[in-house]
Amino acid sequence: MKRFYTFFIVAMLAVTAFAQKTITVNFEHPEHLASIGSWYNSLTLDENNKVTITGNVQVNTTAEAYFVEILNGEEEWLTNGTSNNTAYTISYDNVEDGDVLTFKTAENDPTTFHIIGNPEHLYLTRNYGEWSDLENVDGEWTIIDKGHYNYGVGVKSGYQIVDVTSGNPEETPNFQATSWSTPYNYTYGEEYTYTITTQSLDELRNLTATVKVSGDLAKFAMYRNTSRYSDPIALEEGDNAVKFQESESPFRVAPEYGKAIYQVKLNGELVEPSFYGNDYSVAAADGDVIEINADFPDKDVPVKFTFVNEGTEGVVSTFKVNDVVLTPEEYLAEGFTVKMGDNIYANFNSGDYTINSVKINGNVITNYYGDSYYANDDNGYEYEIDAVKKDPYLVRVNCEAWEHVRWTSGYNANDAIPLTSESCLIEVPASAYSVTFYAFDDYNITSMESDTDGFVDSYSISKINFYEYLGIVPGEEYEVTINTKFTDRNQTATFYLEPYTEEEIENGDKYWSTAIRLNFKNYNEYKEIILADGYTTVNFADTDNPVSLSISPAPKFVYINGEVQEDPDGYATAPSEIEIEDGDVVKIFKSGEIENYNVVYDIDEAADVKIFHDQVIEVAQPDKHSVMMGTEIRIVFNEIPETEEYEFKHELVINDETVEFENGEHVLAVNADTNIAIKVNQFTGVENIAAGANAPQDVYNLQGVRIISNASAEQIKALPAGIYVIGGEKRAIR
């Protein structure tokens with residue numbers, strides 16, 4: 001009896017609109033039930049073998065069993081006969097609530113495999129993975145199989161399969177030197193015997209080649225039989241005796257990824273690289289000599305470009321040396337050279353040019369999308385390019401606000417080219433399918449008009465198409481008029497975005513989108529502004545409301561002027577759009593908890609300062625305030641007028657530490673309770689000391705150490721520049 005192992009894979013969709021049906025599922029042999037359910041939802045039978053279904057359900061047997069027949073009650077509903085079915089779908093439409101289904105199964109007849117081989121040379125596999133659950137007894141693995149697994153052997157390092165024979169003389173097993181597996185379609189209940197003959201590679205390798213290596217061994221690896229999947233040959237610098245068998249030649253000399261080697265020779269003759277221009281296949285025989293020179297000489301080689309037709313230099317799209325993109329001025333310069341071993345890459349613009357031929361040192365290449373090689377020719381390289389530029393599309397663009405409009409035939413607005421006049425002719429490359437116009441500086445494109453039907457894209461207000469069916473022909477001139485309007489965004493709002501930590505950025509917790517969109521409900525006129533971490537000043541107009549918050553991950557809280565904003569639909573803790581007014585401060589937090597901190601001010605009456613919170617809110621009477629975490633405080637110091645005898649300087653002390661400030665202001669971000677003290681220090685200039693003040697006086701430094709006792713006026717004037725306490729007062733000596 002021969003049964004072939006097949007699967008019936010049935011797609012099942014659970015339709016939520018179905019009513020529930022409760023059915024009973026009986027198995028004559030419950031141990032044969034592997035699973036019941038759908039591909040996304042596993043079901044469980046209750047103690048009465050009942051299950052509730054709302055859609056099609058699949059029943060699966062174990063690998064050792066198969067369905068014989070399936071009955072619904074006492075009626076024969078489906079007979080599977082002797083075909084080896086291991087999966088059956090209960091169709092929702094073919095059963096009724098309360099039905100009893102009986103699944104009759106049988107076990108596969110056991111199949112016996114005898115695999116005879118040396119366990120010191122081989123290991124057992126099941127389904128192509130190493131399998132060590134079965135021991136080899138006296139040189140034989142005996143497998144009793146009911147699940148139709150695929151069995152085989154793998155070869156341990158240092159050995160090779162040389163033959164596999166079957167107990168059935170009519171069968172000729174296929175094998176490789178490194179593995180063998182049982183045939184897939186075998187008959188259940190039968191007995192098979194396979195004998196695996198192995199031999200030591202040391203015994204098989206009866207040929208010898210001498211491999212001479214010079215240079216950096218880390219640049220390459222050498223393999224027998226051109227395979228990277230075999231173990232690399234252990235080499236040392238200098239002469240190496242490498243043993244091999246005839247089937248292991250040719251050898252493969254393969255540079256490591258991103259590296260190249262200089263030369264490979266066989267019996268003194270250069271071997272040309274074969275695999276993508278960098279690997280070498282070396283067909284060696286017994287007694288041959290292979291030379292591998294890994295290091296390139298320190299030598300410059302010329303690279304020259306010749307263009308058959310004048311003005312076609314643009315046919316070279318990209319030219320790179322060691323992944324560095326060079327400009328045409330660099331690689332077309334007279335005397336341009338590269339180093340031996342440099343990687344050279346060039347691709348060519350076949351969209352805008354008709355390329356008749358590209359030759360390198362007289363050899364024609366056809367890969368215009370990216371030709372790459374390592375420089376190893378002492379004579380250098382000469383490109384000869386025969387190309388003709390295709391006619392561009394000519395578009396006469398009329399636009400009153402031309403200074404604020406740009407165009408591109410690509411996909412990146414940052415690459416757009418400015419218009420040059422109110423009526424200018426632009427040349428769009430022949431490879432372009434369309435051209436898109438962008439307005440800047442708070443201008444918007446409101447419409448475009450063309451003298452050609454279908455020229456303006458019906459789905460985009462700022463795009464025109466060059467499809468052939470529109471009758472657009474390269475080289476002919478077409479006209480388009482662009483209409484714009486200006487939005488006067490003369491109001492400002494300050495946005496604060498809670499900064500991400502370095503750890504969050506490294507972990508990918510900061511996504512690409514941290515922007516707001518103005519006037520976003522008008523697709524053709526909205527303006528996107530990227531928010532920086534911290535503060536961003538935004539110019540807007542009344543028509544820009546509501547403002548869309550396009551921030552990922554979604555913020556937890558949004559505040560306007562200290563008031564938390566709720567989502568009007570109640571779906572989230574923060575709204576996705578807000579209304580703003582001139583002078584508003586909008587704070588956006590990704591954190592779930594917002595800390596508030598106390599800021600206490602102690603400011604001398606003589607001080608002349610202004611205090612701002614969040615860049616724009618002036619604090620009229622600084623005293624004690626509670627501010628949100630991250631709030632920026634800006635302190636602006638005004639100079640206090642000098643008198644004949646005194647000058648005055650502000651001193652800033654934050655949390656008991658004196659802080660230096662520059663250009664008359666200091667900015668700090670509040671992330672803890674903070675005390676800010678602003679003092680006024682009074683200084684007396686020595687040049688302003690009155691004649692009656694020439695009496696000797698003690699001089700101290702600011703640490704309270706007396707420097708001079710009873711110093712005269714001359715001694716005081718001779719002090720080094722600095723601040724001293726003289727006669728009980730601080731004085732500046734200049």
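**Exercise 1. Locate Gln615 and describe its backbone and exposure.**

Gln615 sits in the loop that runs between β53 (609-613) and β54 (617-619). Strands here are DSSP runs of E with at least two residues, helices are runs of H or I with at least four, and both are numbered from the N terminus. The model is predicted: local features need pLDDT of at least 70, side-chain atom pairs count only at pLDDT 80 or more, and totals for chains, interfaces and linings use all residues. Residues are numbered from 1 along each chain as its sequence is written, and side-chain values use heavy atoms, with hydrogens and water left out.

Step 1, backbone: Gln615 is not a glycine, yet its phi is positive, about 75°. Most residues other than glycine have a negative phi.

Step 2, exposure: the relative accessibility of Gln615 is 25%, so Gln615 counts as partly exposed. The classes are buried under 20% relative accessible area, exposed over 50% and partly exposed in between, with a 1.4 Å probe and protein chains only.

**Exercise 2. Treat Asp656 in the manner of Exercise 1.**

Step 1, place: Asp656 belongs to the loop between β57 (646-654) and β58 (657-659).

Step 2, backbone: Asp656 is a residue other than glycine with a positive phi, near 70°.

Step 3, exposure: Asp656 has a relative accessible area of 76% and is therefore exposed.

**Exercise 3. Find the cis peptide bonds that precede Pro250 and Pro553, and place both prolines.**

Step 1: the bond from Ser249 to Pro250 is cis, with omega near 15°. Pro250 is in the loop between β20 (238-244) and β21 (251-255).

Step 2: Ser552 and Pro553 are joined by a cis peptide bond whose omega is about -10°. Pro553 falls in the loop between β47 (547-551) and β48 (557-560).

Step 3, background: most peptide bonds are trans.

**Exercise 4. Describe the surroundings of Asp533.**

Step 1, place: Asp533 is part of the loop between β45 (527-530) and β46 (534-540).

Step 2, exposure: Asp533 counts as partly exposed because its relative accessibility is 30%.

Step 3, spatial partner: Pro499 is 34 residues away from Asp533 in sequence, but the C-alpha to C-alpha distance is 4.6 Å.

**Exercise 5. Which residues of the largest nonpolar core touch the most other members?**

Step 1, term: a nonpolar core is a set of buried Ala, Val, Leu, Ile, Met, Phe, Trp, Tyr and Cys residues joined through side-chain atoms within 4.5 Å.

Step 2, members: the largest core has 32 residues, and those touching the most other members are Phe305, Val316, Phe319, Phe348, Tyr383 and Ile385. Two or more residues each come from β26 (300-307), β27 (316-321), β30 (343-348), β31 (353-360), β33 (371-374) and β34 (381-389).

Step 3, one member: leaving out residues up to four places away in sequence, Phe319 touches residues including Val303, Phe305, Leu326, Ile344 and Tyr383. Contact means heavy atoms within 4.5 Å.

**Exercise 6. Decide from the radius of gyration how spread out the protein is.**

Step 1, inventory: the protein has 4 helices and 64 strands.

Step 2, comparison: the radius of gyration is 42 Å, well over the 27 Å that the globule rule gives for 734 residues, so the protein is more spread out than a compact globule. The radius is taken over C-alpha atoms, and the rule is 2.2 Å times the number of residues to the power 0.38.

Step 3, box: along the principal axes, the C-alpha atoms fill roughly 130 × 85 × 80 Å.
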